[in-house]
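User: I am new to this structure. Please show it to me, and then I will ask how its labels are justified.

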Amino acid sequence: MDKVGETTLVLDLSAMGHNYRYLRSKIAPNTKFLGVVKAFAYGSDMVAIAKKLETLGADYLAVAYVSEGGLLRNAGIKTPILVLHPLASNFEEMIDCCLEPSLYSQNILTQFLDAARAKKQVAYPVHIKFNTGLNRLGFREHDIGFIAEQFKAHDEVKVISVFSHLAASEDPNERMFSLGQIDTFKKCSSALAQKLGYAPLRHMLNTSGIINYASEAQFEMVRSGIGLYGYGNDALIDPNLRPVATLKTIISQIHEIGDGETVGYNRTFTSGSTTKTATLPIGHADGIGRQYGRGKASVLINGKEAPLIGNVCMDMIMVDVTGVDCKEGDEVLVFGPQRSAENFASGAGTISYEILTAISQRVKRVVIDR
Ligand SMILES: *Cc1c(COP(=O)(O)O)cnc(C)c1O
């Protein structure tokens, strides 16, 4: 891969194509596929990823908020977009941008109906979210009568899909709980379909769900985010998936620190003997939070582990390169195909999702597709 001269997030769209095809291979050919591109496509480049997914043939896209969907529409994305967590204050913009809401409560359903009526819509596509145990967003079984009445009384809207979300799809110890959620979802979706008099699409599985419950719960559509970006269930790189994002930087300066000297703010690292350190132009403002400092994470320099020492600064980190053959200007790998983001994250007690979505907009993005 080409050398970088500054902190850069390289995004390999061909890796995403590979992941898309792999995830599709786990489901039936006629099962629809929704690609989740919320949070700047998991911290990458929302427009580039959405365009690629559109080319690959994804049936649906999903974002968390209306503003994210607006960005996609402005970039010319035509694929239907589900907004997972719409707020009533954005309903007008939502309809103007042809974004489809997840309706998750009586309150939000009523307010969306008002907005659809005010904008004189007919059969505007909406999605009904059931809470089956995550206890985050969603209707309960006892709301089904209310939902059906609203849709019978208002032809401004039409239910395109019914969905729910698993709480622990990656955890084999929670299999019974997940199967219970699937059961509850089947009950709710069929009761609603019966009352509506038509059968909306059903979907429940996220990436780990596709890997672990494809035979129990793939229904008519699945939703994948993290898998598209190359991460699955494991701390190790899933051999079937290819990480899309590579975060690289360079060495700005090298120091020799004498015995007893300290490194960084608050002097949290003290050199025991002579220590060689490298200062890197990436800090918490770029997404490397303070939890990664003080030895909790390391970067790779010329194939060798270099642990972060001292506190993470806003624009810089210092790493220990004692015994590492390196010089100023050398390339540094934070994560990528050779070094899983999950692995980088786990040292600090967090997960790939968090480090990926944390990479701030200050970091230059380079998109390749080869
Ligand atoms: C973010 C999200 C997903 C994607 O989950 P992954 O584990 O990244 O595949 C799917 N469904 C809902 C409701 C989500 O919020």
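**Labels and their cut-offs**

User: Why is C313 called buried?
Analyst: C313 has 10% relative accessibility, so it counts as buried. Buried means under 20% relative accessible area, exposed means over 50%, and partly exposed lies in between (1.4 Å probe, protein chains only). This is a predicted model: local features need pLDDT of at least 70, side-chain atom pairs count only at pLDDT 80 or more, and totals for chains, interfaces and linings use all residues. Residues are numbered from 1 along each chain as its sequence is written, and side-chain values use heavy atoms, leaving out hydrogens and water.

User: What makes C313 unable to form a disulfide?
Analyst: A disulfide is a pair of cysteine sulfur atoms within 2.5 Å. The closest cysteine sulfur to that of C313 is in C326, 18 Å away, so it is too far for a bond.

User: How do you know that C97 is not bonded to C98?
Analyst: Their sulfurs are 7.8 Å apart, too far for a bond. The disulfide count by this rule is 0.

User: Which residues does the UniProt "binding site" annotation cover?
Analyst: The unreviewed entry lists R136 and M314. UniProt positions follow the numbering used here, feature names are shortened, and annotations may be inferred rather than shown by experiment.

User: Why do they not all gather at one spot?
Analyst: They span 179 residues in sequence, and the farthest two C-alpha atoms are 32.9 Å apart, so they do not all gather at one spot.

User: Why is R136 called exposed?
Analyst: Its relative accessible area is 57%, so R136 counts as exposed.

User: Why is M314 called partly exposed?
Analyst: M314 has 49% relative accessibility, so it counts as partly exposed.
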